[in-house]
Amino acid sequence: MRRGTNLPAVGEFNQAVILDRVRRSRDGLSRVELAELTGLSAQTVTNVSRRLIETGLVREAGKRINGPGKPRTILQLEPESRYAIGVHLDPAVITYVVLDLEGTVVAQSRARTPSAARPPRLVESMAQAISSLIAASGVRTEQILGLGIAAPGPIDDALGVVVDPPLLEGWHRVPLRDSLLEALGLPVLLEKDVTAAVAAELWMHDEAGSDDVGFFYYGTGVGFGIAVDHAPVRGSSGNAGDAGHIIVSDEGEVCRCGQRGCLGDLTLPRTVVQDAIARGVIAEPPRALTLPVIDELFGKVTAAAAAGEPEAVALIDELCRRFARGIVTIVNLLDLQRVVFGGPFWDRLAGVALERVARHVADSSALIRLAPISITSSAVGADVAAIGAACLVLDNTFSPRPSTLLIGR
Ligand SMILES: [Zn+2]
């Protein structure tokens with residue numbers, strides 16, 4: 001069932017179709033090419049193009065000679081005509097980005113998430129940080145299409161509420177979407193962080209043959225975003241992609257679900273650090289495993305593995321087996337072509353883990369898919385969820401496909 005969106009629509013369906021084509025073309029397109037590509041009549045293309053030029057979304061960028069006949073005027077996207085804001089709320093760090101229409105980051109900022117900050121105070125500081133970033137970027141408010149927030153699940157997407165995020169102390173049913181809407185007066189969209197991450201990957205890497213993609217988000221918590229047929233899968237309530245309780249080992253502590261060996265628990269950076277302490281990879285155990293301490297020690301473990309220390313290498317190899325078991329189950333279920341790893345903790349792990357994960361996946365006797373599975377690191381970088389949240393705003397404004405996003409207003 002299609003549901004409404006209240007983001008400021010740039011135009012009706014034909015306009016979205018044409019704009020999407022122009023956006024995806026590297027060198028711009030002529031009106032004749034647009035008519036051929038979209039199946040719209042020459043008159044419709046001319047009318048819509050005029051509106052797009054009038055609203056500043058598209059510009060005429062010279063003429064191209066294409067065989068006999070008149071040179072054709074080329075239409076290109078005007079990237080600096082509109083912008084989207086993206087925010088990623090992570091238990092350790094909050095990331096803010098401003099994206100132009102091409103998806104280029106034009107401004108960004110980060111702040112450590114205050115521990116034990118009461119939600120109203122934290123929301124207030126988020127609103128201030130967003131206002132400051134907009135001011136610093138020089139973007140005018142009327143150029144901003146909206147604000148996308150990527151938050152840890154579960155979310156209540158009908159109400160725009162962050163329900164019970166693990167690791168965010170004191171957060172229970174926080175109406176983040178409406179609070180920021182009220183504070184900033186911008187349309188706001190709330191999405192689960194892994195869905196935002198996979199959206200960024202689709203937006204930035206629009207390559208053929210990778211329409212069915214999984215995104216293994218490796219942050220303070222871990223999660224799995226899914227795209228099928230080049231569209232992020234949100235599920236019926238916006239909470240698709242929880243792979244946390246896939247069993248990947250007969251070891252480990254008992255999970256809160258009552259089982260032992262769950263993917264979500266056993267691959268967390270915290271668990272990696274705890275294992276490293278137990279194996280003596282980290283010589284001096286810390287007094288408390290706070291988020292900053294985990295961050296620091298995680299770097300030591302990956303550095304030790306990169307230096308070839310046997311215990312550290314063995315630990316990383318076991319971690320990669322766990323990743324691989326989870327991935328094989330998900331790939332089997334959805335017949336994915338590509339799995340992308342990313343998130344704030346992934347960069348340090350990639351050098352010692354990426355090839356190992358790919359090897360364990362390829363060697364798995366449980367793997368059904370015959371064609372090779374591409375396993376790569378995200379090229380979007382550590383800010384992928386914030387960028388993805390902004391991409392969802394752009395996508396929701398421009399994409400011609402029926403949107404299922406529910407957006408506050
Ligand atoms: Zn579990």
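**Working chat: a zinc site, three domains and some odd backbone angles**

Trainee: Arg-51 first. Buried, partly exposed or exposed?

Mentor: Partly exposed, at 37% relative accessibility. Keep in mind that this is a predicted model.

Trainee: Which helix is Arg-51 in?

Mentor: Helix α3, which covers residues 42–54.

Trainee: And what does Arg-51 touch, leaving out residues up to four places away in sequence?

Mentor: Glu-12 and Gln-15. Gln-15 is one of the buried residues of α1.

Trainee: How far is Arg-51 from Ser-377?

Mentor: In sequence, 326 residues. In space, 40 Å from C-alpha to C-alpha.

Trainee: You mentioned α1. How long is that helix?

Mentor: It has 12 residues, 13–24. From first C-alpha to last it reaches 17 Å. That is close to the expected 16 Å.

Trainee: Which residues of α1 are buried?

Mentor: Gln-15, Ala-16, Val-17, Ile-18, Leu-19, Asp-20, Val-22 and Arg-23.

Trainee: Hang on, an arginine in that list. Why does Arg-23 count as buried?

Mentor: Because its relative accessibility is 16%, and the cut-off for buried is under 20%.

Trainee: What does Arg-23 touch, sequence neighbours aside?

Mentor: Three residues lie beyond the four-place window: Leu-77, Leu-101 and Trp-203.

Trainee: How do the domains run?

Mentor: The domain assignment gives three. Domain 1 is 13–77. Domain 2 comes in two pieces, 83–199 and 385–408. Domain 3 is 207–378.

Trainee: How many residues does each of domain 1 and domain 2 bring to their contact?

Mentor: Eight from domain 1 and five from domain 2.

Trainee: What area is buried between those two, and what share comes from carbon and sulfur?

Mentor: About 630 Å² is buried between domain 1 and domain 2, and carbon and sulfur atoms give 73% of it. The C-alpha centres of the two domains are 32 Å apart.

Trainee: Switching to the metal. Which residues hold the zinc ion?

Mentor: The protein donors are His-245 through ND1, and Cys-255, Cys-257 and Cys-262 through SG. They lie 2.0 to 2.3 Å from the zinc ion.

Trainee: What geometry does the site have?

Mentor: Tetrahedral. The angles among the four donor atoms run from 104 to 122°.

Trainee: What's the donor spacing along the chain?

Mentor: H-x9-C-x1-C-x4-C.

Trainee: Take two of those cysteines. Is Cys-262 buried or exposed?

Mentor: Buried, with a relative accessible area of 1%. Cys-257, on the other hand, is partly exposed, at 35%.

Trainee: What touches Asp-265, beyond its sequence neighbours?

Mentor: Cys-255 and Thr-271, with residues up to four places away left out. So there is a link to the site, because Cys-255 is a zinc donor and a contact means heavy atoms within 4.5 Å.

Trainee: Where does Asp-265 sit?

Mentor: In helix α7, residues 263–266. Asp-265 is partly exposed, at 31% relative accessible area. Its C-alpha is 25 Å from that of Pro-232, and the two are 33 residues apart in sequence.

Trainee: And Thr-302, where is that?

Mentor: In helix α9, residues 291–306. Thr-302 is buried, with a relative accessible area of 4%. Outside its neighbours within four places in sequence, it contacts Arg-348, Leu-349 and Val-352.

Trainee: Now the backbone. Which peptide bond is cis, with omega near -5°?

Mentor: The one from Gly-153 to Pro-154. Pro-154 lies in the loop between β7 (144–151) and β8 (155–156).

Trainee: Why flag a cis bond or a positive phi?

Mentor: Because most peptide bonds are trans, and most residues other than glycine have a negative phi.

Trainee: What phi does Arg-173 have?

Mentor: A positive one, about 50°, and Arg-173 is not a glycine. The residue sits in the loop between β9 (161–162) and α5 (176–184). Arg-173 is partly exposed, at 38%.

Trainee: What about phi of Asp-229?

Mentor: Near 55°, again a positive value in a residue other than glycine. Asp-229 lies in the loop between β12 (222–228) and β13 (231–232).

Trainee: Is Asp-229 buried or exposed?

Mentor: Exposed, at 62% relative accessibility.

Methods. Residues numbered from 1 in each chain as written. Predicted model: local features only at pLDDT ≥ 70, side-chain atom pairs only at ≥ 80, totals over all residues. Heavy atoms only, no water. Donors = N, O, S within 2.8 Å, 3.2 Å for Na, K, Ca; no water. Tetrahedral: all angles 85-135°; square planar, octahedral: opposite > 155°, others 65-115°. Buried < 20%, exposed > 50% of the residue type's maximum accessible area, 1.4 Å probe, protein only. Helix = DSSP H or I, 4+ residues; strand = E, 2+ residues; numbered from the N terminus. Expected span 1.5 Å × (residues − 1). Domains from an automatic or database assignment. Buried area = accessible area lost by both parts, 1.4 Å probe.
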